[in-house]
Amino acid sequence: MERVDVAIVGGGPAGSSAAHAAAETGASVLVLEKGVPRADRPDRLGPDSTDAAGILDYWVDIMGIHPDEFPDGVLVHHLDRAEFIGPTESVTMRSTGIDSSYDHFGYCFNRARFDDFLRDRAERSGAEYRAGVSVRDVETDPIGTDPRHLVRTADGSNVGADFLVLADGPQRTVTNKVLDRLLPFDITDRLASTTANHIAYQEHRRFPEEAFEEVSGAIKFWWGYMPGHTAYPWIFPNDDNVCRVGLTMPIGLDLSTVDDREKYQLLRPEDERVPQGREYVRRLLEREYGDEYDIESDFPLVEERGKSKGTETYPISSTRPIDSPAAAGIAVVGGAMGATSAFHEGGDHVAVRTGTIAGRLAGEGDLSAYNRTWKAAIDDEVLRNVAMADIVHDYGPDDWDWAFKTARKLQTDEGGYRSLSVSKMGAGVSAARLVGTYKKRKFRFRNGKYVQIREDEYDVA
């Protein structure tokens, strides 16, 4: 049986960051990644690198990796604003209002190359990254026999480890099996993949020069255009006039339950069910550019990018974070712990940060501080996203118009998130209502009350 200090299930941003941090302490580290073939990563297997791939300025500091560290080809576009577009109202954010060491508003990057960068960094530190290996199960003895964790792979081999880092993303294929045995309730009651996640779809399309110039520097989101909690399409500019055009939406939404469906501009009267992702993308492009261009010929798919023929589909967490059974020598990180968010479309920054924390502590031989440490590192970010997602849970098109109109009144010179934390003379009753609601929701989830599963709920005695 193979034996390591730290075994990591999943080799995405969280897993590779955990591997790097653990190996830096001198621990023996093994990453097991099932490996997904991708058109944009033809020469090696790697994680299912599907994400809208945008980072805001202060996320750089949360992540702890400055773009100056990237090799060529990772960063593909600098950003100067975010545009939030409602049915009749909109608001543009040119600053997050949060102090940052990064000079730009943000950047877009190539997620597959980013993952390869993190993998190479981990391997240079001494970690072993083994792609093409599926983990079937993990047997854990909370009391602490040797080895404490036995990782069983699909090829029948076993790996023993003192510490286990679960980084298998929002689908939690392995994570749910491991945690279920340590909980007094069925974990799917809270973390079923169909309810704890959204589904996201995106296409890589080359824009005409004029159309690309209009979106250059901006990440654009359309709210109130499609039904569902935190359901929205987006356009992210990349390099060479290519944009990622995509959307996120809940899994299994029943269109017959949607109120005022005629107000959603990407729905059609004849729709009997929620349109597929590619249909939503086509409708968005037709709405924005159909008067001037032929979408299929003027906005062609770039088939050498993305997962397959210029497209990709992937799950994204829509749940609140969970604590880990750290006393059992287990840390759950990134998408698997729900630190990423469908509300802000992804979360590579928090995946890297939670993975780094878990890896360092595991490498040092003591995970007991993990839950306290990740909260201290990303608490503000989680509170913002949980509070905002809770506020807009039942928003329809009219609500989004009201919110964006009100947000414009609130915008300060600093702008961004800070606008929701300050009072502005003359903004009016609606602005006070929006700010008050936001503050109350943050207060409700303070002191880590946003976690879905608490550390003391695990049976690790």
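Modeller: Before we look at the large-scale layout, one definition is needed: two strands pair if DSSP finds at least two bridges between them. Keep in mind as well that this is a predicted model.

Colleague: With that in hand, how many helices and strands does the secondary structure of the protein chain come to?

Modeller: The count for the protein chain is 13 helices and 19 strands. Its radius of gyration is 22 Å, close to the 23 Å given by the globule rule for 461 residues, so the chain is as compact as a globular protein of that length. The C-alpha trace spans about 65 × 50 × 45 Å along its principal axes, and 60% of the 461 residues count as buried. Of the contacts between residues at least 6 apart in sequence, 73% join residues at least 24 apart.

Colleague: How should I read a sheet, and what is the order of the open sheet of seven strands?

Modeller: The general idea is that strands of a sheet pair through backbone hydrogen bonds, either parallel or antiparallel. In this structure the seven strands follow the order E8-E7-E15-E16-E17-E14-E18, and the pairing is mixed. Strand E8 (90–93) and strand E18 (311–317) stand at the edges, each with a single partner strand, so one side of each has no neighbour in the sheet. From one strand to the next, the twist averages 20 degrees.

Colleague: Which helices pack on that sheet?

Modeller: Helix H8 (residues 277–289) packs on the sheet and touches E14, strand E15 (218–222), strand E16 (232–237) and E17, with a direction that makes about 125 degrees with that of E17. Helix H12 (residues 397–410) also packs on the sheet, where it touches strand E7 (81–85) and E8, and its direction makes about 45 degrees with that of E8.

Colleague: Suppose I follow strand E17 alone; how many bridges join it to E14, and how many to E16?

Modeller: Nine bridges join E14 (residues 197–206) to E17 (residues 242–250), and these two strands run antiparallel; within this pairing, His 204 has Arg 244 of E17 as its bridge partner. Six bridges join E16 to E17, which are antiparallel too, and there Pro 237 has Cys 243 of E17 as its bridge partner. The hairpin of E16 and E17 has four residues between the strands, and in it Asp 240 takes a positive phi near 55 degrees.

Colleague: Are the residues of E17 buried or exposed?

Modeller: E17 is mostly covered, with nine of its nine residues buried. Val 242, Arg 244, Gly 246, Thr 248 and Pro 250 point one way from the strand, whereas Cys 243, Val 245, Leu 247 and Met 249 point the other way, and all of them are buried.

Colleague: What is the order of the open sheet of three strands?

Modeller: That sheet has the order E5-E9-E6, with antiparallel pairing. Strand E5 (54–56) and strand E6 (75–79) are at its edges, each with a single partner strand, so one side of each is left without a neighbour in the sheet. Four bridges join E6 to strand E9 (residues 106–109), and one of the residues involved, His 77, has Cys 108 in E9 as its bridge partner.

Colleague: How do I describe two packed helices, and at what angle do the axes of H12 and H13 cross?

Modeller: Two packed helices are described by the angle between their axes and the distance between the axes. For H12 and helix H13 (residues 429–444), the axes come within 9 Å and cross at roughly 100 degrees. That makes H12 roughly perpendicular to H13. Where they meet, Trp 402, Ala 403, Thr 406, Ala 407, Lys 409 and Leu 410 in H12 face Ser 430, Ala 431, Arg 433, Leu 434 and Val 435 in H13 across contacts.

Colleague: Finally, a loop: where does Ala 336 lie, and is this residue buried or exposed?

Modeller: Ala 336 lies in the loop between E19 and H10, and because buried means under 20% relative accessible area, Ala 336 with its 0% is buried. Asp 168 is 168 residues away in sequence, yet the C-alpha atoms of Ala 336 and Asp 168 are 5.8 Å apart. Gly 335 is in that loop, between strand E19 (330–332) and helix H10 (348–364), and at 12% relative accessibility Gly 335 counts as buried. Leaving aside neighbours within four places in sequence, the contacts of Gly 335 include Gly 169, Pro 170 and Arg 172.

Definitions and conventions: Residues numbered from 1 in each chain as written. Predicted model: local features only at pLDDT ≥ 70, side-chain atom pairs only at ≥ 80, totals over all residues. Heavy atoms only, no water. Axes fitted to C-alpha atoms, helices over the stretch in contact; angles between N-to-C directions. Contact = heavy atoms within 4.5 Å. Buried < 20%, exposed > 50% of the residue type's maximum accessible area, 1.4 Å probe, protein only. Rg over C-alpha atoms; globule rule 2.2 N^0.38 Å. Parallel < 35°, antiparallel > 145°, perpendicular 65-115°, else oblique.
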